[in-house]
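Subject: Handover of a structure and the findings from it

Dear colleague,

Please find the structure below, together with its sequence. I would be grateful if you would read the notes that follow with the structure open beside you.

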Amino acid sequence: MRLFLSLPLLALTAPAAIAAPPKVIADIPVVGSLVQSVMGDLAEVSVLMDDGADPHHYQMRPSDARNLQSAELLVWVGPELTPWLERASSNLGSDTALRLLAIDGTHLRDYGDGPEIHDHAHEDHEGHAHAEHEGEDHEGHDHADHDDHGHDDHADHDHDHDHEDHADESHDHEGHDHSSGTDPHAWLDPLNAQLWLKEIARELAEKDPENAETYRANAAATSERIAELNETLTAQLRPLADKPFVVFHDAYGYFTDHFGLTPAIAVSLGDASDPSAAHLSKVRDQIADSGVTCAFPEYGHSAALVERVIEGSGATIGDELSPAGRGLDGGAELYEAALTNMADTLTNCLK
């Protein structure tokens, strides 16, 4: 009799509700790749910009706005790269937007001609130290106004450095000058990516505690792969250390600084408008003086400008570089593929 009475009670007991992983949106493919590697198979990360879009000029569509409104987490580089996303990020609230450049410990550099290092109290990430470079000491990157998770509190940040030599060479993207200020292409330093993985995992774990261990394990595994790739690319690029080269625009400083390469000669300081005649003349002089042997166009941009500045120099046009991984297959592996592709493209021409 007792058994008979207990059966209906067991049948009426509802299973414990399982919370779905949070809906996450990333700004650009390389960021989406890092987030996807942390989320694994639990959910698919949505990336705002499609493969052909340029982060500096992107126009948000109504569907993008609707996507953002329903997001539980936005992971983005910051307004230094995508100023058009700042207002939407602010509307989401500080607990919904993770701004990568604002994460404490992120290695930042300024736009400029030299390999300037701006160390934010993290000379060594997991046993890997940045090489020391001579240069000015810039102290304009204070993250004290951000919380421990790098949330965007949208405080004003002054990145106005005086670069008189480039006064006539500014390229403005909706008020953002690419001849000075913070260089936003910080993902090209793999140590930054390793740091960000931990914060992405921390943020996801807070929003989805049931899968916290999975997020942390995935972040650790991806970080280990990036560490191994870092060692491989360091060895691969070491023979190219003293070989100057030309690129389309000033986006490669983190990569050349980290791997000890000669700073690239940028045809355009930004990618919003054509460089001035004075700047092109300066670039030609640099090419002649440095003995450049290779020049690299950039994915999504015409090669004509690069071809024009190397005329008569004897330099070779290499394959396209893609600093944001545009043109590569998406998913969790895209970030590592982007670094590998860049190293291979440089090696194939410069070796």
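**The sheet and its central strands**

Leu74 of strand β3 stands opposite Ala97 in strand β4. Please bear in mind throughout that this is a predicted model. A second pair of residues links these two strands, as Trp76 stands opposite Arg99 in β4. In total, three bridges join β3 (residues 73-76) to β4 (residues 97-99), and the two strands run parallel.

Strand β3 also pairs with strand β1 (residues 24-26), again in the parallel sense and over three bridges. Here Val24 is the residue that stands opposite Leu73 in β3.

These pairings belong to an open sheet of four strands, in the order β2-β1-β3-β4, with parallel pairing. Why is one side of β2 and of β4 left without a neighbour in the sheet? Both β2 (46-47) and β4 stand at the edges, and each has a single partner strand, so one side of each has no neighbouring strand in the sheet. Helix α5 (residues 190-207) packs on this sheet and touches β1, β3 and β4. The direction of α5 makes about 175° with that of β3.

The side chains of β3 deserve a closer look. Leu73 and Val75 point one way from the strand, whereas Leu74 and Trp76 point the other way, and all of them are buried.

Trp76 also has a contact in the loop that follows. Thr82, found in the loop between β3 and α4 (86-92), touches Trp76 as well as Asp27 and Pro55, leaving aside residues up to four places away in sequence. Is Thr82 buried or exposed? Its relative accessibility is 0%, and buried means under 20%, so Thr82 counts as buried.

**Helix α8 and its two sides**

Helix α8 (residues 277-290) allows a simple check of length. Its 14 residues should span 20 Å at 1.5 Å a residue, and because its end C-alpha atoms are 20 Å apart, the two values agree.

Which residues of α8 are buried? They are His279, Leu280, Val283 and Ile287. Seen down the axis of α8, the buried residues fall within an arc of 100°, so they line one face of the helix. A general rule helps in reading this pattern: an α-helix has 3.6 residues a turn, so residues three or four places apart point the same way.

The buried residues of α8 pack against β9 (245-249), β10 (265-268) and α9. On the other side of α8, Ala277, Ala288 and Asp289 are exposed. After the helix comes Gly291, whose phi is positive, near 70°.

**Two further residues**

Thr256 lies in helix α7 (residues 253-259). With a relative accessibility of 3%, Thr256 counts as buried, because buried means under 20%. Leaving aside residues up to four places away in sequence, Thr256 touches Phe245, Leu261, Thr262, Pro263 and Ala264.

Glu311 lies in the loop between α9 (304-309) and β12 (316-317). The relative accessible area of Glu311 is 63%, and exposed means over 50%, so this residue is exposed. Glu311 and Arg284 are 27 residues apart in sequence, and their C-alpha atoms are 9.0 Å apart in space.

Yours sincerely

How values were computed
Residues are numbered from 1 along each chain as its sequence is written. This is a predicted model: local features need pLDDT of at least 70, side-chain atom pairs count only at pLDDT 80 or more; totals for chains, interfaces and linings use all residues. Side-chain values use heavy atoms; hydrogens and water are left out. Buried means under 20% relative accessible area, exposed over 50%, partly exposed in between (1.4 Å probe, protein chains only). Contact means heavy atoms within 4.5 Å. Two strands pair if DSSP finds at least two bridges between them. Axes are lines fitted to C-alpha atoms, for helices over the stretch in contact, and angles run from 0 to 180 degrees between N-to-C directions. The expected span of a helix is 1.5 Å times one less than its number of residues. The arc is that of the directions from the helix axis to the C-beta atoms.
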